[in-house]
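Dear colleague,

I am handing over the structure we spoke about, and I would be grateful if you could look through it with the notes below beside you.

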Amino acid sequence: MRKNLKGRKFGRTSSVRKALLVSLAKSLVRYERIRTTLPKAKDLRPFVEKLITIAKENTLANRRRLLAVFFNDNKIVSKMMSELATRYSGRNGGYTRIYKAGFRQGDNAPVGIIELVDNKISFVNKKTEDTEIKE
């Protein structure tokens, strides 16, 4: 019986699963939108939101906590503590959004797009873009 167990195993050991989440979090912070399977996106959401909440308070201790998570990747930590912290200073949680994006062709796995809210990249629908060009 599953009681109070969060997260999925993804058929990986705990260390590989942690590395997967860190890698996905790095990509999400760098590109502000990534496309992955829906279960991975759903498990990534609380992981990233906790890290952004830590980054909002710009202290040396919090910078070191983020560096420990991201394996001393200064570019990612600097972006989180400067750009993302100022962007989400007035927001209490809810920093990410997940869209369903159909199914992957090879194995029919459900695919989702996870993105940071209030990002500069806009979601473009090709059908509406084509109709606007024709008119």
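How are H2 and H3 oriented relative to each other, roughly parallel or roughly antiparallel? Please keep in mind throughout that this is a predicted model. The axes of the two helices, H2 (38-56) and H3 (60-69), come within 9 Å and cross at roughly 150°. Since angles over 145 degrees count as roughly antiparallel, H2 and H3 are therefore roughly antiparallel to each other. On the H2 side the contact involves Phe 47, Leu 51, Ile 54 and Ala 55, and these meet Asn 62, Arg 65, Leu 66 and Val 69 in H3. By class, the residues of the contact of H2 with H3 divide into 6 nonpolar, 1 polar and 1 charged. Leu 66 deserves a separate word: leaving aside its neighbours within four places in sequence, Leu 66 is in contact with Leu 51, Ile 54, Ala 55, Val 77 and Met 81.

The packing of H2 with H4 is described by an angle of about 90°, with the axes 8 Å apart, and that makes H2 roughly perpendicular to H4. The residues making this contact are Leu 51, Ile 52, Ala 55 and Lys 56 of H2, together with Met 80, Met 81 and Ala 85 of H4. Sorted by class, the contact of H2 with H4 has 6 nonpolar, no polar and 1 charged residues.

Turning to the interior, the largest nonpolar core has 28 residues, and those with the most contacts inside it are Leu 28, Leu 44, Ile 52, Leu 66, Phe 70, Met 80 and Tyr 88. At least two residues of this core are supplied by each of helix H1 (14-31), H2, H3, helix H4 (74-87) and E3.

As for H1, this helix has 18 residues and reaches 26 Å from its first C-alpha to its last, which is close to the 26 Å expected at 1.5 Å a residue. The buried residues of H1 are Leu 20, Leu 21, Val 22, Leu 24, Ala 25, Leu 28 and Val 29, and what covers them includes strand E1 (33-37), H2, H3, H4, E2 and E3.

Two residues with positive phi may be worth your attention. Glu 32, which follows H1, is found in the loop between H1 and E1, and its phi is near 65°, a positive value in a residue other than glycine. Because its relative accessibility is 6%, Glu 32 counts as buried. Asp 118 also has a positive phi, of about 65°, although it is not a glycine; Asp 118 lies in the loop between E3 and helix H5 (126-134). At 47% relative accessibility, Asp 118 counts as partly exposed.

Finally, there is Ala 109, which is found in the loop between strand E2 (96-103) and strand E3 (110-116). With a relative accessible area of 15%, Ala 109 is buried, as the cut-off for that class is under 20%. Leaving aside its neighbours within four places in sequence, Ala 109 is in contact with Thr 37, Gly 102, Phe 103 and Arg 104. Of these, Thr 37 is 72 residues apart from Ala 109 along the chain, yet their C-alpha atoms are separated by 6.7 Å.

With best wishes

Terms used: Residues are numbered from 1 along each chain as its sequence is written. This is a predicted model: local features need pLDDT of at least 70, side-chain atom pairs count only at pLDDT 80 or more; totals for chains, interfaces and linings use all residues. Side-chain values use heavy atoms; hydrogens and water are left out. Helices (H or I, at least four residues) and strands (E, at least two) are DSSP runs, numbered from the N terminus. Buried means under 20% relative accessible area, exposed over 50%, partly exposed in between (1.4 Å probe, protein chains only). Contact means heavy atoms within 4.5 Å. A nonpolar core is a set of buried Ala, Val, Leu, Ile, Met, Phe, Trp, Tyr and Cys residues joined through side-chain atoms within 4.5 Å. Axes are lines fitted to C-alpha atoms, for helices over the stretch in contact, and angles run from 0 to 180 degrees between N-to-C directions. Angles under 35 degrees count as roughly parallel, over 145 as roughly antiparallel, 65 to 115 as roughly perpendicular and the rest as oblique. Ala, Val, Leu, Ile, Met, Phe, Trp, Tyr, Cys and Pro count as nonpolar, Asp, Glu, Lys and Arg as charged, and the others, Gly among them, as polar. The expected span of a helix is 1.5 Å times one less than its number of residues.
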